[in-house]
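Open the model in your viewer and set the surface to transparent. This tour goes from pocket to pocket, with a selection at each stop.

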Amino acid sequence: MKTSVIYENTLTDLRFGVRRIRHQGGQYSGKTVNILGALATLASEEIGSVSTVTSMSFPHLKGGALRDFEMYVYPTFKDSILRYNKTD
């Protein structure tokens, strides 16, 4: 998975326990993919961890974060993911 500075900053903040992380940028700037990648990296390092991504509505989640996860993040981490639940 190709990453950017957003990935590195998010991963560092998550490891230090930062509770709120704000990223700014335009559409298609890679924020969602890099944040999901950082969450997947952190989850793969912690055995038994659970990560949950939510959205204001299911169509919004399905057209954004879920699609980005399946296209860009899941192929890299599929061997680390024991269960993958999605509602449809």
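Start with the second largest pocket. By class, its lining holds 13 polar, 12 nonpolar and 5 charged residues. Keep in mind that this is a predicted model.

Now show the pocket volume. The second largest pocket encloses about 710 Å³. Its lining counts 30 residues. Select Lys31, Thr32, Val33, Ile35 and Ala65; these are the lining residues closest to the centre of this pocket.

Next, colour by helix. Helix 1 (5-15), helix 2, helix 3 and helix 4 each give two or more residues to the lining of the second largest pocket. Which helix gives the most to this lining? Select helix 2: with 6 residues, it leads.

Move on to the largest pocket. Its volume is about 970 Å³. Select Val50, Ser51, Ile81, Arg83 and Tyr84. Of the 27 residues that line the largest pocket, these lie nearest its centre.

Bring the helices back. Helix 2 (31-45), helix 3 (58-63) and helix 4 (65-77) each supply at least two residues of the lining of the largest pocket. Helix 2 has the largest share here, with 5 residues.

Finish by colouring the lining of the largest pocket by class. How do its residues divide? You should count 16 nonpolar, 8 polar and 3 charged.

For a last view, keep helix 2 selected. Helix 2 is the top contributor to the lining of the second largest pocket, and the largest share of the lining of the largest pocket also comes from helix 2.

Definitions and conventions. Residues are numbered from 1 along each chain as its sequence is written. This is a predicted model: local features need pLDDT of at least 70, side-chain atom pairs count only at pLDDT 80 or more; totals for chains, interfaces and linings use all residues. Side-chain values use heavy atoms; hydrogens and water are left out. On a 1 Å grid over the protein atoms alone, a cavity is a set of points where a 1.4 Å probe fits but cannot get out, and a pocket is an open set with protein on both sides within 12 Å along at least five of seven lines; lining residues have an atom within 4 Å of a point. Grid points are joined across faces, edges and corners, and a volume is the space filled by probe spheres set on the points. Helices (H or I, at least four residues) and strands (E, at least two) are DSSP runs, numbered from the N terminus. Ala, Val, Leu, Ile, Met, Phe, Trp, Tyr, Cys and Pro count as nonpolar, Asp, Glu, Lys and Arg as charged, and the others, Gly among them, as polar.
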